[in-house]
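I opened this notebook to record what I looked up in one structure, taking the chain as a whole before turning to single helices and residues. The entries are in the order in which I made them.

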Amino acid sequence: MTKLAAWSFDAQHGEDGAQPSQPQNLERSHIELEQHLEDWIANDVTLIGEGYTLVGRQVTIDDGRLDLLAIDAQDRWIVIEVKPGRLGSGALGQALNYAASLARINADELYEKLEDRLRKLSDAKTLLERVRQQLDGEAEEREIAVLLVGVGIHAGLERMNEFLARFGVPISVVSFEVFELEGGPRLLVREVIDEPVKPSAPKQRRTVEAIRVMASVAGVVDQFDRFVLMSKEAGLPVQPQAASVRIAPPQNRSRFLMYAGPRAGANGGELGIWVGPWHFAEWFQAINEEDAVAALGTYDDGGYLSGKQLDDRLDQIARFLKDNFPQPD
């Protein structure tokens, strides 16, 4: 178990240039840090690391409430358990219980759990898009990792972490301590124990053709082909995701304009289509946002469609693209 300590020193200038003074040991602060951690992380998720998008707080999962839920840069769901005091086996067990519950919730139910709270935030639209993108891109199994946050670490937690990594359970730990400068500010010190790296087979990247095969199996290959073709004819990049294609602006292929993903429905094949009219207005100056919303509807109008409803939705998108983008001869 790592024990943190901190010292301060000043640069002293003399004949030989700047020389550091004798380090002075800093005392640990008695501030009750654990009472503030969850609020701090909710306001600035970079406190626990880079690459996280926070999408849920106090999310009801089975018989408990998950402290924080995020999506990381690897497109995994991150169950974040914030504990008062030292992190040990109890915190790990609770976090794993939440992760197991999260793994078996279907996509629509999870979206509903997050939607109500996210809509109250100023950046709700962007966060809901990120959640929908994550859910649409999921393969057969939902990828979940665990992040424990607390004040200090009990001996043995690192050993448990390394042991569980053998079975492909990704767990990382963030611990904070506070040191106090005499007559000055407090220093927040973070210790990170990354999840143990286990060699794994490289993931096979999806292709548009692979998603097309999924559409063929579902019975909506003609509609899928039409969606892809109209996007290409408008000069928009078509990018494969895990179970869908993303239509992106040429200026930034990590952003989205539209999504389409096939699936087998109860009454035949369906194609899920989501469109962000405000993104069209953001990336193409000639497109007015109000006109785009009037022509396409909102992202909330998206969903899995079949039959005439699907054809009508594709007609609507085709008219918008032809009106706003040059078409090939």
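The entries below go from the overall chain to helix contacts, salt bridges and two single residues.

**Entry: the chain as a whole**

I note at the outset that this is a predicted model, and I read every value below as computed from that model. I looked up the secondary structure and found 10 helices and 16 strands in the protein chain. For burial, I found that 45% of the 329 residues of the protein chain count as buried. I then looked at the contacts between residues at least 6 apart in sequence, and 58% of these join residues at least 24 apart.

**Entry: helices α3 and α4**

How do α3 and α4 pack, and at what angle? I found helix α3, residues 107-118, packing against helix α4, residues 124-136, at an angle of about 170° and with the axes 10 Å apart. Angles over 145 degrees count as roughly antiparallel, and α3 is therefore roughly antiparallel to α4. On the α3 side, I listed Ala107, Asp108, Leu110, Tyr111, Leu114, Glu115 and Leu118 as making the contact, and on the α4 side Ala124, Leu127, Leu128, Val131, Arg132 and Leu135. Sorted by class, the contact of α3 with α4 has 10 nonpolar and 3 charged residues, with no polar ones.

I also checked Glu115, which belongs to the α3 side of this contact, for charged partners. Glu115 forms a salt bridge with Arg119, and the closest N and O atoms are 2.8 Å apart. Both residues are partly exposed, Glu115 at 21% relative accessibility and Arg119 at 40%.

**Entry: Asn106, ahead of α3**

I looked up Asn106 next and found it in the loop between α2 (89-103) and α3. Is Asn106 buried or exposed? Neither word fits, because its relative accessible area of 44% makes Asn106 partly exposed. The C-alpha atoms of Asn106 and Leu135 are separated by 9.4 Å, although the two residues are 29 residues apart along the chain; Leu135 is one of the α4 residues in the contact with α3.

**Entry: helix α7 and its neighbour α6**

Helix α7 covers residues 221-233, and I found that its 13 residues reach 18 Å from the first C-alpha to the last, close to the 18 Å expected at 1.5 Å a residue. Which residues of α7 are buried? I listed Val221, Gln223, Phe224, Phe227, Val228, Met230 and Ser231. I set a general point beside this list: an α-helix has 3.6 residues a turn, so residues three or four places apart point the same way. Just after α7, Gly235 takes a positive phi of about 80°.

The axes of α7 and helix α6, residues 208-218, come within 8 Å and cross at roughly 145°. From α6, I noted Val208, Ile211, Arg212, Ala215 and Ser216, which meet Val221, Phe224 and Asp225 in α7. By class, this contact of α6 with α7 has 5 nonpolar, 1 polar and 2 charged residues. Val221 and Phe224 thus appear among the α7 residues that meet α6 and also among the buried residues of α7.

**Entry: salt bridges**

How many salt bridges does the count give? I found 10 salt bridges, and I followed two more of them individually.

In one, the side chains of Arg57 and Asp39 meet at 2.5 Å, N to O. Arg57 lies in strand β6 (residues 53-61) and Asp39 in helix α1 (residues 34-43), so the pair ties together parts that are 18 residues apart in sequence. Arg57 is partly exposed, with a relative accessible area of 30%, and Asp39 counts as partly exposed at 37%. I also noted that Glu38, Asp39 and Arg57 are linked in a network of salt bridges.

In the other, Arg226 pairs with Asp315, the closest N and O atoms being 2.6 Å apart. This pair links distant parts of the chain, with Arg226 in helix α7 and Asp315 in helix α10 (residues 307-324), 89 residues apart. Arg226 counts as partly exposed at 32% relative accessibility, and Asp315 likewise at 28%.

**Entry: Gln239**

I ended with Gln239, which lies in strand β12, residues 238-240. Because its relative accessible area is 16%, Gln239 is buried. Leaving aside residues up to four places away in sequence, I found Gln239 touching Ser244, Val245, Arg246, Ala248 and Arg253.

Key
Residues are numbered from 1 along each chain as its sequence is written. This is a predicted model: local features need pLDDT of at least 70, side-chain atom pairs count only at pLDDT 80 or more; totals for chains, interfaces and linings use all residues. Side-chain values use heavy atoms; hydrogens and water are left out. Helices (H or I, at least four residues) and strands (E, at least two) are DSSP runs, numbered from the N terminus. The expected span of a helix is 1.5 Å times one less than its number of residues. Buried means under 20% relative accessible area, exposed over 50%, partly exposed in between (1.4 Å probe, protein chains only). Axes are lines fitted to C-alpha atoms, for helices over the stretch in contact, and angles run from 0 to 180 degrees between N-to-C directions. Angles under 35 degrees count as roughly parallel, over 145 as roughly antiparallel, 65 to 115 as roughly perpendicular and the rest as oblique. Contact means heavy atoms within 4.5 Å. Ala, Val, Leu, Ile, Met, Phe, Trp, Tyr, Cys and Pro count as nonpolar, Asp, Glu, Lys and Arg as charged, and the others, Gly among them, as polar. A salt bridge is a side-chain nitrogen of Lys or Arg within 4 Å of a carboxyl oxygen of Asp or Glu.
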